[in-house]
Amino acid sequence: MNFIRSLSSKSSGSTGGEDSTKQHELERALVPSEDMDEIDVGEGSNDPDGGGVDGMAAMDPAAGEVGPSTKRSDPDPVRRRRRAGRLSVHATEEISPAVYKFAACAAWNSAILGYDFGVNSLSVMLVQKSLNLTDLQVAGYMGALEGFACLGAATTSFINDRFGRRGCFVMTSFGFLLGDLLQASAQSYAQLMVGRSILGVSIGWGLAIDPMYISEISPSKRRGFLVSWSEIAINVGVVFGFASGIVFYHTPDDYAWRYMYGTGAVFPLTMLLLVRFYMPESPRWLLQKKRDDDAKEVLTTLCSGNEGEAELIFLDIHESIAKEEEAFHPGWKFLLCNPTPAYRRMLLAGIVAGISQQVVGIAAIGNAQTFVLYQAGVHDRLYQALTLVGIQIMKSLVTLLSSHYIDSWGRRRLSFISIAGIFVSLGVLALDFHLSSGATSVVAVVGLLGYMVSFAAGMGPVAWLVPSEVFTTSIRAKGISITTFCNRTVSTIMGFSFIPLKNAVSWSGMFLVLMFLSVVMAALIHVFLPETTGRSLEDMAIYFASLTGDRSVLDHLEGESLSVDSSSSNETKRTSSTTMTSAANLI
C-alpha cells in the first residue's frame, strides 16, 4: 500500500456505532487472513492494560516484546491503545505519485516567497541609493516586510478556515503579484511602502499555508521529508533572487532593482494556474466542512485509487475531528484563554519551534549579508551576487540533505546540531570583525557560509515542520496562525534592530548578542519541544496528553480505563473503550 498503516480493532467493550462496524469490516477486508489472529488478540480481554486474555501470549510490536500478558501500567497511552487490539502492521514508506506532485506544487509557492527574500537582500542598497533613503527609512523598508507579515499571519487562520487551503494559495499569489508590481514601479518612498506592505501580508499567508497543506497530504513516516520541500523551495527561490542580480548586472542601478521585482511578478501567475487547474483541496479541511464525498475523492487520489485504504483514512480522520469537537469545541477562546494542559503544550511547542529560526538571527544575518560583504571589501555588485548565490546553493544542498535525515534522526537532534554550528559560525564572524576592525573577505565569507549551512541543517526545516504537525486538525489553522505571527513578530524586531544594534555595539558586538540568543534558544527547545517524529496527526492529542498527564483528553479521545468518583457513593466504576489508531499515517 502507498501509506504506512497502523490499524487497531475495537475491543469487545467499546461502542462505535455505524462507523465502528464499517471500520472493522474494512480492516478485515484489507489485512491478509493469516494475520487475523493478531487482530483478535485482546478482543474480549479482561486486562485493562490491554495485555490480552489472561494466560494468552500477547504480541507487542510497539514495545518490541513477545510474551505472556501481565497487568502492568504502560506509561505510553498510544502504545496501550494499540496493544488493546492490534492489526499487524504492513509498513511501507512508499509515497504515491499524487502526493509528490501536489507537495511540489505547494512548495512552488515557497519558491516565490524565497525569490522576494533574495531580491530584498540584494537590492536594499540599490533602493537606498536610487530613492535617496536615510538609514531610518531603510530600516523601515526592511522591517515593514516583517511587520505586515505579522498582519498576514494573524489573518491566515480566518482565510484557511473560511476559504480553504486552495483559497489561501490564491490570495497569497495575488498579493505577491500586486506587491512586486507596485515596488517595481515605485517613484516615491510612500509608493514603495504600499507595495511592501501588500507583499508582507502575502508572506505571512504564504509561510503558514505551504507546510500546513503538505503535512495534511503526507504519510507520517515521510512527513518531515516532504514538508522540508517548503524550506528547500525557499532556498531555491532565494538563489533565483540572487541570480537576478547577475542577470541585471549591466543594468543601471536606478533600474536594476525595479527589473528584479518586476521579474518576481511573473512567478505567482504559474501558482494561480496550478491551484485553479491541478491542486486539490486538503481532505482534512473538506472533512471539517462536512464535504465528505469531496474528501473521499481526494483521499482516493492520494492513495493511487485504492478506495479501501482511502475509506479507512476517511474514517480515522472523521472520528478524530468529531471526538475533538464534541469534547472541547476548539476555538480561539479555548486555545488562548482556557486550553487544557495538552493543548497548552502543543501551543508552546509550536511557538518555540516557530520563533527559533528568528531568535538565532536569520533575519538579521540575511538582511546584513550585503553589508557584511561590503565591509569585508567585496564592493562590486557582480561579486556580491556571485558570492551570495554560492552561499545559497550550499544552503539549499544542506537543506536537501537534512530532509533525508529529519525523519530518522528526529527534529530535536537536528535542531541542536544546527544551533551548535550557528554558534561557532557567529563566533568566527565576531572574532574576525573584532581583530581586523572591519572584516577580511575570506573569513567573512566562511563565517556567512558556516552560518547558513548550519541553519539549513535544522533550524530552517524544523521551524515550519513542527508547527504543521503538532496541532490537531480542528485547531491547526489557528495554531499555525499564532506560530507564524510569533515568527514574524520576532523577525520584525530583528529586522528593525540590526542596523541600530550594529551602530550601538559594532558588528562584532551584534554577532556576540546573536551567540547568546542561540544558547537561549537551545535551552527553550530542550524544555518545550518534544520529539514528534513518526507520529500521525490524529495521535498528537493523545501524545501531548500523555506528556502532560491531561486526563480530560486521554479519557475522552482515547477512552482508557479510569476511575470515576460518584457523588452519591464511593463505588468506583471502570470503563474502557479503544479507538482506531491512524488508519493510514496520512498527515
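A cavity is a set of points, on a 1 Å grid over the protein atoms alone, where a 1.4 Å probe fits but cannot get out. This is a predicted model, where local features need pLDDT of at least 70, side-chain atom pairs count only at pLDDT 80 or more, and totals for chains, interfaces and linings use all residues. Residues are numbered from 1 along each chain as its sequence is written, and side-chain values use heavy atoms, without hydrogens and water.

**Exercise 1. Describe the largest cavity and its lining.**

Step 1. The structure holds 3 cavities of 30 Å³ or more.

Step 2. The largest has a volume of about 420 Å³. A volume is the space filled by probe spheres set on the points, with grid points joined across faces, edges and corners.

Step 3. Lining residues have an atom within 4 Å of a point. There are 28 of them here, and F117, V238, I362, A363 and G366 are the closest to the centre.

Step 4. Sort the lining of the largest cavity by class: 12 nonpolar, 11 polar and 5 charged. Ala, Val, Leu, Ile, Met, Phe, Trp, Tyr, Cys and Pro count as nonpolar, Asp, Glu, Lys and Arg as charged, and the others, Gly among them, as polar.

**Exercise 2. Work out how α4 and α5 pack.**

Step 1. Find the helices, which are DSSP runs (H or I, at least four residues) numbered from the N terminus. Helix α4 spans residues 97-131 and helix α5 residues 135-184.

Step 2. Their axes lie 11 Å apart, at an angle of about 165°. Axes are lines fitted to C-alpha atoms over the stretch in contact, and angles run from 0 to 180 degrees between N-to-C directions.

Step 3. The two helices are therefore roughly antiparallel (an angle over 145 degrees).

Step 4. The crossing of α4 and α5 is right-handed (the near helix is turned clockwise from the far one by less than a right angle).

Step 5. Contact means heavy atoms within 4.5 Å. Among the residues that meet are F117 and N120 in α4 and Y141 and F176 in α5. By class, this contact has 12 nonpolar, 6 polar and 3 charged residues.

**Exercise 3. How do α14 and α19 cross?**

Step 1. The axes of α14 (residues 341-359) and α19 come within 8 Å and cross at roughly 160°.

Step 2. That angle makes α14 roughly antiparallel to α19.

Step 3. The crossing of α14 and α19 is left-handed.

Step 4. The contact includes M346 and A349 of α14, and W464 and V470 of α19. It has 10 nonpolar, 5 polar and no charged residues.

Methods: On a 1 Å grid over the protein atoms alone, a cavity is a set of points where a 1.4 Å probe fits but cannot get out, and a pocket is an open set with protein on both sides within 12 Å along at least five of seven lines; lining residues have an atom within 4 Å of a point. Angles under 35 degrees count as roughly parallel, over 145 as roughly antiparallel, 65 to 115 as roughly perpendicular and the rest as oblique.
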